[in-house]
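I opened the model and kept a running notebook. Short entries follow, in the order I looked things up.

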Amino acid sequence: MNNSKVLDFVKKYTMVFVLIAVVAYFYVKTGGGILLPSNISNLISQNAYVFVLATGMLLCILTGGNIDLSAGSVVCFVGAVGATLMQSKGMPAWEAVIAMFVVGTLIGATQAFWIAYVRIPPFIVTLAGMLIFRGLSNVVLDGLTVTIADQTGFVNVFGGGADCYIKDFFGNPGGINVTCILAGILAIVIFVGINVRGRMVRQKKNYEVENFAPWATKLIIISAVIAAFAVRLAQYKGIPNVLLIVVGVIVIYSYITSNTTTGRYFYAVGGNEKATKLSGINTNKVYFLAYTNMGFLAALAGMITIARMTSAQPTYGQNYEMDAIASCFIGGASAYGGIGTVPSVIIGALLMGVINLGMFSMGVDQNMQKVVKGLVLLAAVIFDVVSKRGGKFIAKS
Amino acid sequence: MAKILLEMKSITKTFPGVKALDNVNLQVEEGEIHALVGENGAGKSTLMNVLSGIYPYGSYEGQIFYNGEECHFTNTKDSERKGIVIIHQELALVPYMTIGENMFLGNEQGNPLKINWHDTYGKGDEYLRIVGLSESSRTLIKDIGVGKQQLVEIAKALAKNARLLILDEPTSSLNENESKHLLDLLLKFKEEGLTSIIISHKLNEVSYVADKITVVRDGSTIETLVKGVDDFSEARIIKGMVGRDLSDRFPARESNIGDVCFEVRDWNVYHPLYSERKVVNNVNFYLRRGEVLGISGLNGAGRTELAMSIFGKSYGDKISGTLIKDGKVIKLNTTKDAIKNKIAYVTEDRKGNGLILTNPIKTNTTLSNLKGVSTSGIIDRDKEFSVAVDYKEKLKTKCPTVEQYVGNLSGGNQQKVLLAKWMFADPDILILDEPTRGIDVGAKYEIYCIINQLVEEGKSVIMISSELPELLGMSDRIYVMSEGRFVGELDGEEATQEKIMSLIVNDNTKGE
């Protein structure tokens, strides 16, 4: 590798390096506490909603740096509706789940209509949504807390209650969750299998392939991370149910954004809307999809939230949209749209999660935590903007 | 001999890959009106941008002397302080601000903490009277017409105490009366001692108003004609503007022209914002299979607007007329319809309207025909890759891999990616809008070869170009467009630069 290639490599994986550095820092500062099995498990459960919302937010941001401010309020509203249906109206959980998805998607579609077809700026539409659905959550809940009494079923599936882990089919010998280890192995096999097959297909068709050494190194490192992760989880209570949901969302949306025509359109619109229009693509529809989907994923995040809390309250979901937005920008999504991937946004969300967890473990004051997170966000976006300008720090006036 | 107010010596300005100005010299005497003429892209505007500091000192070679001293302008503020004020072709007024606010924008009356509104509107009114406007300076810009806006620009320049006024195509969007008024105003200011440089395509106006005419061609000053000494006729000026040989810059092709495959009838388009302005005026034309059809005209003649309005109504308002393709009337309401009917439009503005600079070559190539590399919405990324590689090799695009971001390519290679994108959409008819703008000679030749290849395959090409030699070298037939209308049709063989220019000039002169 020559110099410029090294530089490209570093640039491409900056946030991964930063994540490693931050983990290392907290590892030292907390005497290894941050990598305790329980903390790893908590990192996932606590941040599940961020992963889900950040994925949806990425699609909005891709269309041109547009954000959805209403996400947190919609999370709260959908949760309120769901909890009320299940608790007060006695609706079966699976029906309530469907109802929540429908409500979330409809809210998304309504906002999306104004944004995509009437072309009201997203900032304003979703600001209105933020107020409206925060208010309506209060109305639905009558300002009170609705507790979900049945702590099995719905609550467990979406990652709440005491028993929200996939049970060990092998009886948990020696405190190690064998199912979790096997799942880890399976994940590695699938991951490596897909990559090896792809490489072979490309070689057979005589397409250009990555050099073997960096390619193999990347596979080994990622496999090792999955393995370490699986071992840590196995040492605790196994795979949190919610991890399956999160992984499902990540895999599906990674695939959509990188392999489907629809996914391609998000990048095209954000990269150059005029060129996209002139290429025969309905750009209104792209905006509509982004914000409708955001409502859908907000509903999912709403379920995760009320399951984890085993209740719905009018204050839930506050600032969730900000966590999602911050994750996207830290993960390298461009503030002007057109750039960003699901995996890198997840890295961004993880980074935020680790910083939270690390500072919490160190006993850093809540308010200082916010300050640090704000600085991290600012630094990440400054880095993005300046590096895109070719390293010139001050913009031309 | 009067005092020399401005002297530009050996100015050379290079853009990446293109030498826009090559050793240019210009002398302007105090109190004269000096005209700069030349074809599009000859370097007139670049020269004026160098003078006014838009291209700062250091970004060009050569010296500028103004009022006897050498000047190093780093921005327009510097040159304005000396009294050099440039009025650009595109008006730079803020529509929702008043005339007065616009006039003193960046030059506010009063102090930074308190704008003096009495002065703003009082002086504003005074300057308006000087340029012959009776409006109040409290009127919003959006409420007055383009002609009056142009006059406001001049008033704004006067408010900056202009000694040397530079006008870039000041009459391009004005009607006859408005133009006449503006030119007479310049003559009046001249009596009062103001020096002006005017850039214009309208040669009749130039010979009416100018004391001296400097001809710019291919980035060099060719000659300066002086009123009363030299011949000031349009024919003489045109000869200066186009006087170069057509050498072997265009590859030969086997012409194999078939039947009429596309027809446009009674095509009318209005401006999307100024709904009373007709941008394309009753245009009729036809296109034959295997033909390269050239459309000539000056900037602002309505060529791009014509092309884009045909391409799925992507420009304009109140579009009317009939499109007939292969004998059938077709309706193209969206760009998608146009692509489905196998019509492609390759934009003149490849960065703004054509390419996604933040995406790789690969994804740009397939964007207008993703169906071609996908099944039920899932992209076959390997197929996409090989398609992009195919086109890269076919068009000889210079890039390390097709994963390269388009923003990092040179202009010529970007143009090839843009062509590849539309060739992959597999059209019968390609409308190429300024296909060689801003790219070097070698890349131009390769683009000509691609065009030849396309028509030899039986496709038809409509080529819009401001470069006359290119149009003459490539076209089987040429339409000449002026002010929204087709004013002439020439056979590729018999067409000459002089014929085209005089068709345009005669049209501009009409009605005066």
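**Entry 1: helix 14 of chain A**

How many of the eleven residues of helix 14 of chain A are buried? I counted ten, so the helix is largely enclosed by the rest of the structure. I am working from a predicted model.

I listed the buried residues: Tyr320(A), Glu321(A), Asp323(A), Ala324(A), Ile325(A), Ala326(A), Ser327(A), Cys328(A), Phe329(A) and Ile330(A). Next I asked which helices of chain A these buried residues pack against. I found helix 2 (14–29), helix 3 (37–62), helix 4 (71–87), helix 13, helix 15 (342–362) and helix 16 (366–388). Just after helix 14 of chain A, I noted Gly332(A) with a positive phi of about 95°.

**Entry 2: Asp323(A)**

I picked out Asp323(A), which lies in helix 14 (residues 320–330) of chain A. Is Asp323(A) buried or exposed? It has 22 other C-beta atoms within 10 Å. The cut-off for buried is 20 or more, so Asp323(A) is buried.

I then looked up its contacts, leaving out residues up to four places away in sequence. Asp323(A) touches Val50(A) and Met352(A). I also checked Asp323(A) against Leu53(A): they are 270 residues apart in sequence, yet 8.5 Å apart in space, C-alpha to C-alpha.

**Entry 3: Leu53(A) and the core**

Which residues does Leu53(A) contact, leaving aside its neighbours within four places in sequence? I got Ala71(A), Leu297(A), Ala298(A), Ala301(A), Tyr320(A), Glu321(A) and Ala324(A). Of these, Tyr320(A), Glu321(A) and Ala324(A) are among the buried residues of helix 14 of chain A.

I looked at the largest nonpolar core and found 249 residues in it. Those with the most contacts inside the core are Val52(A), Leu53(A), Met57(A) and Ile304(A). Helix 13 (residues 283–309) of chain A gives the most to this core, with 15 residues.

**Entry 4: chain A as a whole**

I tallied the secondary structure of chain A: 16 helices and two strands. Its radius of gyration is 22 Å, close to the 21 Å that the globule rule gives for 397 residues, so chain A is as compact as a globular protein of that length. Along the principal axes, its C-alpha atoms fill a box of roughly 65 × 60 × 45 Å.

I put burial in chain A at 43% of the 397 residues. For contacts with a separation of 6 or more, residues 24 or more positions apart account for 79% in chain A.

**Entry 5: chain B as a whole**

I ran the same lookups on chain B. Its secondary structure comes to 17 helices and 24 strands. I read a radius of gyration of 25 Å, which agrees with the value near 24 Å for a compact globule of 512 residues. The C-alpha box is roughly 70 × 50 × 50 Å along the principal axes.

Buried residues make up 46% of the 512 residues in chain B. Of its contacts with a separation of 6 or more, 70% join residues 24 or more positions apart.

How is chain B divided into domains? The assignment gives domain 1 (4–242), domain 2 (257–342 + 429–512) and domain 3 (351–426). I took the C-alpha centres of domain 1 and domain 2 of chain B and got 31 Å between them.

**Entry 6: where the chains meet**

How many residues does each chain bring to the contact? I counted 26 from chain B and 23 from chain A. On the chain B side, helix 10 (335–340), helix 11 (350–354), strand 20 (378–379) and helix 13 (381–394) each supply at least two residues. Helix 13 of chain B gives the most, with four. By class, I sorted this side of chain B into nine nonpolar, 14 polar and three charged residues.

**Entry 7: positive phi**

Most residues other than glycine have a negative phi. I found Thr310(A) with phi near 50°. Thr310(A) sits in the loop between helix 13 and strand 2 (311–312) of chain A. With 17 C-beta neighbours inside 10 Å, Thr310(A) counts as partly exposed.

Ser10(B) also has a positive phi, about 45°. I placed Ser10(B) in strand 1 (residues 4–15) of chain B. Ser10(B) is exposed, with 12 other C-beta atoms within 10 Å.

**Entry 8: confidence**

I closed with the predictor's scores. Chain B averages a pLDDT of 88, and 96% of its residues score at least 70. The complex has an ipTM of 0.78 and a pTM of 0.80.

Definitions and conventions. Residues numbered from 1 in each chain as written. Chains lettered and ligands numbered in written order. Predicted model: local features only at pLDDT ≥ 70, side-chain atom pairs only at ≥ 80, totals over all residues. pLDDT = per-residue confidence, 0-100. Domains from an automatic or database assignment. Rg over C-alpha atoms; globule rule 2.2 N^0.38 Å. Contact = placed C-beta atoms within 7 Å. Core = buried A, V, L, I, M, F, W, Y, C linked by C-beta atoms within 7 Å. Nonpolar A, V, L, I, M, F, W, Y, C, P; charged D, E, K, R; others polar.
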